[in-house]
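Dear colleague,

I am handing over the structure below for your consideration. My notes on its pockets and on one of its sheets follow it.

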Amino acid sequence: MNPLIHFVEEKKVFHLTNNYVSYIIEIVEDTYLLHRYWGEKITSYNFSNRPKLKKRTFAATPDINIPELSLEFLPQEVSLPHQGDFRNSSLKIRNEDGQGITRFVYVGYEILDEALTLQDLPSARSNEAFCQTLIVHLYDKVANIALDLFYTIFEDSPIIVRSTKVINEGSSTIKVEKLLSASLDIRYENQVCTSFYGTHQKEFQMNRSDIKHGLFKIGSARGASGPQYPPFIALSKEATEFQGEVHAMTLLYSGNHEEILERDQYNNLRMQIGLNEEGFSWTLKSGETIQSPQALLVYSNQGFNSNSQAFHTFFNNHLINPSWKKRKRPIVINSWEMTYFDVSEALLKKLIDSASLLGFETVVLDDGWFGKRNSSKTSLGDWKVDEKKFPNGIKSLVDYAKEKGIGFGIWFEPEMISPDTNLIKQHPEWVMKSKSYEPILGRSQYFLDLTNKEVQNFVIKTLSDAITNFGVNYIKWDMNRHMTDPFSPTETENNSQEFSHRYMLGFYHIISTLTLSHPEVLFENCSSGGGRLDPGMLFYFPQTWISDNTDALDRQQIQYGASYMFPISSITGHVSDVPNHQTGRITEFETRAALASSTNMGYEMDVISMSEEEKKKVANHISTYKRERKLVFEGEFYRLSSPNESNICSWMFVDGDKSNAIIYVFRNTYQVFDLSLLVRIPYLDQEANYLEVITNATYSGSELYNCGISLENPKGDFIVHKLILKKV
């Protein structure tokens, strides 16, 4: 294998490169790590872009003999306070005397022929692909603290994986008060920033803005990655979906995070990502270490679609559990919108009967099956089957489903506890709360303290027993509130600054244990929909219920935005009833079915009481999706028209050799001046001809790209066109 990481001794330069990308670091004055380049692959580097330094008033100079050398305007790989760099730092450490100053010096490096596996955190998997990891060692000889910077590059991806590790080699205790995973400085060249915002039922809304002087920061201090600002930030200049350079970052983490851009007075631009500084510190005794979550740095030179493809491919090859990469995911029918809490054995048997006849592959029993769970105000933690609703237990339903040839799944919210439970009476100390105040309710529930080993073992045993005793093959794991009382009542120090990260480590321990112990079970991530949809969760759970909002208009923006990072196989979408339960909007079945067919498809409606005509539609849809899902799951996904910018939303799926493609075009409100719709279709073989199966018309790939295809624009709102192309 050709090396991916090169160190040029005479230039003091590290060059990480493959066929897609180069990333270059220079060592200056045998002390500082400077960022020199991140972008398209270059063959060699000879400092062509290194700026000419000048002495500046107000600039602190560590070496009086080199007055033009100041950290105030040098492009750094790690940034520290109190060294003359007055920009946002990436690391803060405070010693026992209360001083928040460290001065790290470069001392050496290692190059490993492997990816870095983090013990307690999700991390990029090598999965037999060749990769190398650069470890740059820095040291503060006054404080006796080591700092390691990790950079992993894979042969098959334009992605750099970054992480930071602090090792306390001194005899005193220190506090790490800030620990970002990646920080780098580039020139401001009129780039714009792309990020996402959202809320419950309105996740992944695009936010694109100019970059002004000063600090731009997003993130979460909620104890979860959150739908408000998911961990993603991108820089681009005149980029579209189809062309232009894009530099993006994300974080393999599911807790508090921050993404930062800072444009300084010299038009330098600092880009950072990592643990949220707010509410974080970490005590390191002598000999102890802390490792940051991994950040992914993603580069593309062919627009946002290309950037997304890099994410999708990397997540499929190096993040999702390999056993689920190409395994068929079941088409489910979920009980929630059909019944809400009013579930029963008789009703579920009817649902199993109908589901098996229509072609579904798994029935999922959602909330309401345990304790006295007739509303959201009770029973979380008392995971005992409600015998009034299910006199023969859950196992009998699972067996009944097997007889009908389908699987059976069940809903849990294992991280929570209701005030009205036996569990809280037996273990009041298991509730996340401070010693001085009563905890605040959210959705009528409290958090369990997952920093407590006893609680971790309780959750693991509860889920393991259910999987074993019930025989289910699918777990929907929900989480429906954010942290307000980040304290452990069993900890003597009660340090809230460490709590949220310790919670995540406990949470990751739980789900790692369960997924390794039950590899045959499909775990679906849910947090009131996409409230914890992040790359960290994808490492353990191969799919996520992307939103509680199933409305066919709102879902266009939600799915369009989520596709910037997440492969289609990791996104779950269901066909639901109308009027829609979240918006009251009425849309045609074909439109709702097409939106769900553009994801990991299932249903969320009453299929028992349907008319025969309605059942026939559902059965035909399921049958069609089964024929097409290999292309949906394993093909490449490209966005064509944005619902954020027009009345049309469109996207396409195409296989690797561009022989087969499916295109969906959603037109929302009818406009009388639009005589027809025109959609261009790139990403086909420009030298080939394609048969459009539905109309039996033939077009060249170059014609579809350059001329586009004209589609009918009928009266009425919220219609969909579907095109099926086959190379001829």
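In what follows, Ala, Val, Leu, Ile, Met, Phe, Trp, Tyr, Cys and Pro count as nonpolar, Asp, Glu, Lys and Arg as charged, and the others, Gly among them, as polar. Please note that this is a predicted model.

**The largest pocket**

By these classes, the lining of the largest pocket comprises 17 nonpolar, 19 polar and 10 charged residues. The space in this pocket amounts to about 1300 Å³. Its lining is made up of 46 residues, and those closest to the centre are Asp120, Trp282, Arg502, Leu505 and Gly506. At least two lining residues come from each of strand E18 (282-284), strand E19 (289-291), helix H6 (453-470), helix H7 (496-517) and helix H8 (535-540). Helix H7 provides the largest share, 12 residues.

**The second largest pocket**

The second largest pocket holds about 820 Å³ of space. Among its 29 lining residues, Asp185, Ile186, Arg187, Glu189 and Asn268 lie nearest the centre. Two or more residues of the lining are given by each of strand E4 (32-40), strand E10 (174-187), strand E14 (232-236) and strand E15 (246-251). The largest share, 5 residues, belongs to E4. By class, this lining has 11 nonpolar, 7 polar and 11 charged residues.

**A six-stranded sheet and its helices**

The model also contains an open sheet of 6 strands, paired antiparallel in the order E31-E32-E33-E38-E35-E36. Which strands stand at its edges? They are strand E31 (636-641) and strand E36 (697-700); each has a single partner strand, so one side of each is left without a neighbour in the sheet. On average, and with direction ignored, neighbouring strands of the sheet are turned by 25 degrees against each other.

Within the sheet, strand E32 (residues 648-654) and strand E33 (residues 660-667) form an antiparallel pair over 7 bridges. Serine 650 has valine 665 in E33 as its bridge partner.

Two helices may be described together with these strands. Helix H9 (residues 554-562) packs on the sheet and touches E31, E32 and E33; the direction of H9 makes about 45 degrees with that of E32. Helix H10 (residues 589-597) lies across E32, E33 and strand E38 (719-727), and H10 runs at about 130 degrees to E33.

Yours sincerely

Technical notes
Residues are numbered from 1 along each chain as its sequence is written. This is a predicted model: local features need pLDDT of at least 70, side-chain atom pairs count only at pLDDT 80 or more; totals for chains, interfaces and linings use all residues. Side-chain values use heavy atoms; hydrogens and water are left out. On a 1 Å grid over the protein atoms alone, a cavity is a set of points where a 1.4 Å probe fits but cannot get out, and a pocket is an open set with protein on both sides within 12 Å along at least five of seven lines; lining residues have an atom within 4 Å of a point. Grid points are joined across faces, edges and corners, and a volume is the space filled by probe spheres set on the points. Helices (H or I, at least four residues) and strands (E, at least two) are DSSP runs, numbered from the N terminus. Two strands pair if DSSP finds at least two bridges between them. Axes are lines fitted to C-alpha atoms, for helices over the stretch in contact, and angles run from 0 to 180 degrees between N-to-C directions. Contact means heavy atoms within 4.5 Å.
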